[in-house]
Amino acid sequence: MNFDSINVQELAQILAEENQAIQLIDVREEMEAQIASIPPFKLLPLSKYEQWANKIKEEFNPELETIVICHHGIRSANMCQWLVAQGFKNVKNVIGGIDAYSIYVDNTINRY
């Protein structure tokens with residue numbers, strides 16, 4: 001299962017470009033997103049997999065670049081593997097997750 005990884009600086013650059021041809025998925029839990037979030041990301045908590053899994057290709061285009069984030073990068077890596085298995089072609093995991101983003105890019109984002 002092949003997917004790429006990007007660091008938080010690369011993510012910040014992508015977000016600054018306001019590229020409409022990307023899809024952003026956050027796999028953390030709702031409680032976590034209430035503490036810290038990056039607005040353009042769509043929340044798909046892994047614990048609610050049954051609620052969104054069968055609709056993933058209705059909400060997201062497998063042909064578009066898809067970037068996945070979590071707290072540190074482990075859950076998002078799992079999601080990236082799953083997306084590739086579902087036929088997604090250009091999937092990227094954010095190394096270090098939102099925690100690294102809050103340290104290196106935007107310190108106004110709460111850490112937990």
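Trainee: Which residues form a nonpolar patch on the surface?

Mentor: Patches join nonpolar side chains (Val, Leu, Ile, Met, Phe, Trp, Tyr) within 5 Å, from residues with over 30% relative accessible area and no salt bridge, that is, no side-chain nitrogen of Lys or Arg within 4 Å of a carboxyl oxygen of Asp or Glu. Here I103, Y104 and V105 form one, with about 290 Å² of accessible area together (Shrake-Rupley, 1.4 Å probe, only the protein chains shown as cover). This is a predicted model, where local features need pLDDT of at least 70, side-chain atom pairs count only at pLDDT 80 or more, and totals for chains, interfaces and linings use all residues. Residues are numbered from 1 along each chain, and side-chain values use heavy atoms, without hydrogens and water.

Trainee: Where is V105 found, and why does V105 count as partly exposed?

Mentor: V105 sits in the segment after α6 (helices are DSSP runs of H or I, at least four residues; strands are runs of E, at least two). V105 counts as partly exposed because its relative accessibility is 32%, between buried (under 20%) and exposed (over 50%).

Trainee: Which residues have the most contacts inside the largest nonpolar core?

Mentor: A core joins buried Ala, Val, Leu, Ile, Met, Phe, Trp, Tyr and Cys through side-chain atoms within 4.5 Å. The largest has 17 residues, and L11, I38, F41, I67, I69, V94 and Y101 have the most contacts inside it. α1 (8-16), β2 (22-26), β4 (65-69) and α6 (97-104) each give two or more residues to this core, and α1 gives the most, four. A second, separate core of 16 residues includes I25, V27, L44 and A53.

How values were computed. Buried means under 20% relative accessible area, exposed over 50%, partly exposed in between (1.4 Å probe, protein chains only). Patches are made of residues with over 30% relative accessible area and no salt bridge: like charges are joined within 9 Å, nonpolar side chains (Val, Leu, Ile, Met, Phe, Trp, Tyr) within 5 Å.
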